[in-house]
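Reader: Hello! I would love a close look at one strand inside this chain and at what surrounds it. Could you walk me through that part and then place it in the whole?

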Amino acid sequence: QQKIEEAQPVVDIRDITKTYQMGELDLQVLKGISLTIKQGEFVSIMGPSGSGKSTLMNILGALDQATTGTYYLDGVDVNLLDEKKLAQIRNQKIGFVFQQFNLLRRTEAIKQVELPLMYGENSSNMRQRAQAALENVGLGQRLDHTPAELSGGQQQRVAIARALVTNPSIVLADEPTGALDSRSGTEVMQIFQKLNREQGITTVFVTHDVWIARHTNRVIM
């Protein structure tokens with residue numbers, strides 16, 4: 001805990017607002033959010049449907065920009081980046097894990113995990129790095145399996161390996177156990193806990209599930 005208190009912020013959000021124009025109406029979804037997440041933290045952002053969790057997730061993931069306010073990721077002001085730099089940040093600094101695994105149907109696990117490396121600046125040793133990421137999540141024996149040959153929990157583990165393979169600053173997980181049965185969900189949660197505990201991977205869950213939130217070290221409502 002002391003290590004985390006002394007750690008550098010990975011995410012530093014100050015007075016973020018997000019307003020959507022709905023015809024003639026302005027719909028304000030985020031109303032002045034300030035938030036710091038430090039290196040090595042395991043955090044869940046919680047709230048009911050419609051509370052703005054997904055909007056905040058999209059801003060944290062550099063998929064969308066705030067209307068006002070600032071967002072520093074690893075000390076870089078994300079609001080000042082052009083599209084090319086934003087794409088680089090998403091590829092190199094952020095690992096995404098979604099409720100629906102977003103895997104390519106006919107593609108082997110190892111090739112799924114290699115994909116982010118193909119678009120990155122450092123594409124050397126792709127196969128070795130992808131294999132290491134899959135071994136990290138307990139799928140070293142499933143390298144050549146397609147999604148149809150894997151259970152739901154195994155597919156989500158491929159997605160976690162894909163998120164980790166670029167060695168990102170932060171992993172963002174949006175309801176990562178939402179499509180799984182309780183046993184598979186528990187296994188996936190244990191993997192996230194192990195990665196955070198043993199490798200200090202900064203992890204943020206966006207969820208409405210109290211069970212998930214209880215497995216993280218800090219809950220932000």
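Author: Happy to help; what follows starts at one strand, moves along the loops, and ends with the whole chain. Please keep in mind that this is a predicted model.

Let us begin with strand E6, which covers residues 94-97. Which residues sit on its two sides, and are they buried or exposed? On one side you will find Ile94 and Phe96, and on the other Gly95 and Val97. All four are buried, so both faces of the strand are covered, given that buried means under 20% relative accessible area.

Now look sideways to the partner of E6. Strand E7, residues 170-174, runs parallel to E6, and four bridges join the two. If you want a place to rest your eye, take Gly95 of E6, which stands opposite Val171 in E7.

Stepping back from E7, you come to the loop that lies between helix H6 (152-164) and this strand. Asn167 is in that loop, and its phi is positive, about 60°, although Asn167 is not a glycine. Most residues other than glycine have a negative phi. Asn167 is exposed, because its relative accessible area is 66% and the limit is over 50%.

Ala62 makes a nice companion to Asn167. Ala62 also has a positive phi, near 60°, in a residue other than glycine. Its loop runs between helix H2 (53-60) and strand E4 (68-73). Here the surroundings are another matter: Ala62 has a relative accessible area of 3%, so it counts as buried.

One more loop deserves a stop, the one between strand E8 (203-207) and helix H8 (210-214), where Asp209 lies. Asp209 has 28% relative accessibility and therefore counts as partly exposed. The C-alpha atoms of Asp209 and Met46 are separated by 7.6 Å, while the two residues are 163 apart along the chain.

That pair leads us to the chain as a whole. Of the contacts between residues at least 6 apart in sequence, 71% join residues at least 24 apart. The secondary structure consists of eight helices and nine strands, and 48% of the 221 residues are buried. Why can the chain be called a compact globule by its radius of gyration? A compact globule of 221 residues would have a value near 17 Å, and the chain has 17 Å, so the two agree. Along the principal axes, its C-alpha atoms fill a box of roughly 50 × 45 × 40 Å.

Definitions and conventions: Residues are numbered from 1 along each chain as its sequence is written. This is a predicted model: local features need pLDDT of at least 70, side-chain atom pairs count only at pLDDT 80 or more; totals for chains, interfaces and linings use all residues. Side-chain values use heavy atoms; hydrogens and water are left out. The radius of gyration is taken over C-alpha atoms; the globule rule is 2.2 Å times the number of residues to the power 0.38. Buried means under 20% relative accessible area, exposed over 50%, partly exposed in between (1.4 Å probe, protein chains only). Contact means heavy atoms within 4.5 Å. Two strands pair if DSSP finds at least two bridges between them.
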